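Hi there,

Here is the model I promised to pass on to you. Have a look, and my notes follow below.

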Amino acid sequence: MSKLRYFLLGIMLMSGWAQAMNAVIWQPQARDAQLGEAQWQALMVKLHQQGFDTLVLQWTRYGEAFNDVQQQQALFKRALAARGAGLKLIVGLNSDPEFFTRQRQPQASLERYLTRLGNQDVFQADGWLKGIGAEAIDGWYMSAEIDDLNWRSPEMRAALTHWLTQTRQRLQRRGGKPVYISSFFAGNMAPQSYQALMADISTTGVRVWVQDGAGVAKLSPAQRALYLDASVSCETAGAAQGIVYELFSVLPGKTFRAQPMPDSAIRQQLARTPPCGKDRVFFSLRYLPLAHGTLRHD
């Protein structure tokens, strides 16, 4: 091994990659309320037994969903059950269903909108700190996903990094928890330009996970590999923190609908590992074979 590789390995260890997570994302849906507490607890135990160490809640509010006290209390119970099963917990915050549409606003309006998003995330975090306590929370997840289309101009990039920096600083003042976000690519940037976007996000202190695109399948496997190799590089400063491996296949139609990949494809996805021990995250819980018959995915 060359001196350079020894040096890079040392950097990886110091940066926390040696403690990388093996996580699964749960996207709360209203129909999940039909699941009994004992069933949910058993599902969390299975997750832990199969080697997962972290549950990521994709959001704890989605538009007006999960906004009343009863729904929030139900999410608190789900989260604490995951902790009781031995899983770490990363709490997703507010998700605006109109996020991608609102990005097309004039610059000044966009900046005010992003400030409101930050305020809503902080409000949500405060509610969870009060609801389950800081000791039960291992990180925050910003539910707004960063694409490779809308943040290409210098002005948009500046708005993006300002929003992420300010929100991360405010969230970290609430217990010093790390802050995460995810990003996806669809061929709207060259791989090296997308790598630069990841580097810009890293300057904000927010840890970014790159979605692998296997479920959406807008690009070929070879094309996706180019983006992943560039953006999750072990030898590039500011590279992404890990990869989100998709476990679903998109169904035809104008409205997004998905089904689990075939079991053989899911096994291949579950066997994948990011380079140099970075975070390994799977989307999503309801598509895992161990959740079939428990969480609906139709």
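In which sense, and over how many bridges, do strand β1 (residues 22-26) and strand β12 (residues 279-283) pair? They pair in the parallel sense, over four bridges; helices (H or I, at least four residues) and strands (E, at least two) are DSSP runs numbered from the N terminus, and two strands pair if DSSP finds at least two bridges between them. I25 has F283 as its bridge partner in β12.

Before the rest, some housekeeping. This is a predicted model, where local features need pLDDT of at least 70 and side-chain atom pairs count only at pLDDT 80 or more, while totals for chains, interfaces and linings use all residues. Residues are numbered from 1 along each chain as its sequence is written, and side-chain values use heavy atoms, leaving out hydrogens and water.

The strands form a closed barrel of eight, β1-β2-β4-β6-β7-β8-β9-β12, with parallel pairing.

The largest nonpolar core (buried Ala, Val, Leu, Ile, Met, Phe, Trp, Tyr and Cys joined through side-chain atoms within 4.5 Å) has 86 residues. Helix α5 (residues 107-132) gives the most to this core, with eight residues. L285, among those with the most core contacts, touches residues including W26, W40 and M44 (contact means heavy atoms within 4.5 Å).

In helix α6 (residues 154-172), the buried residues (under 20% relative accessible area, 1.4 Å probe, protein chains only) include M156, W163 and L171. The buried residues of α6 pack against α4 (99-102), α5, β6, β7 (179-183) and α7 (191-202).

Enjoy exploring!

Best wishes

Technical notes. Buried < 20%, exposed > 50% of the residue type's maximum accessible area, 1.4 Å probe, protein only. Lists of a residue's contacts leave out its neighbours within four places in sequence.
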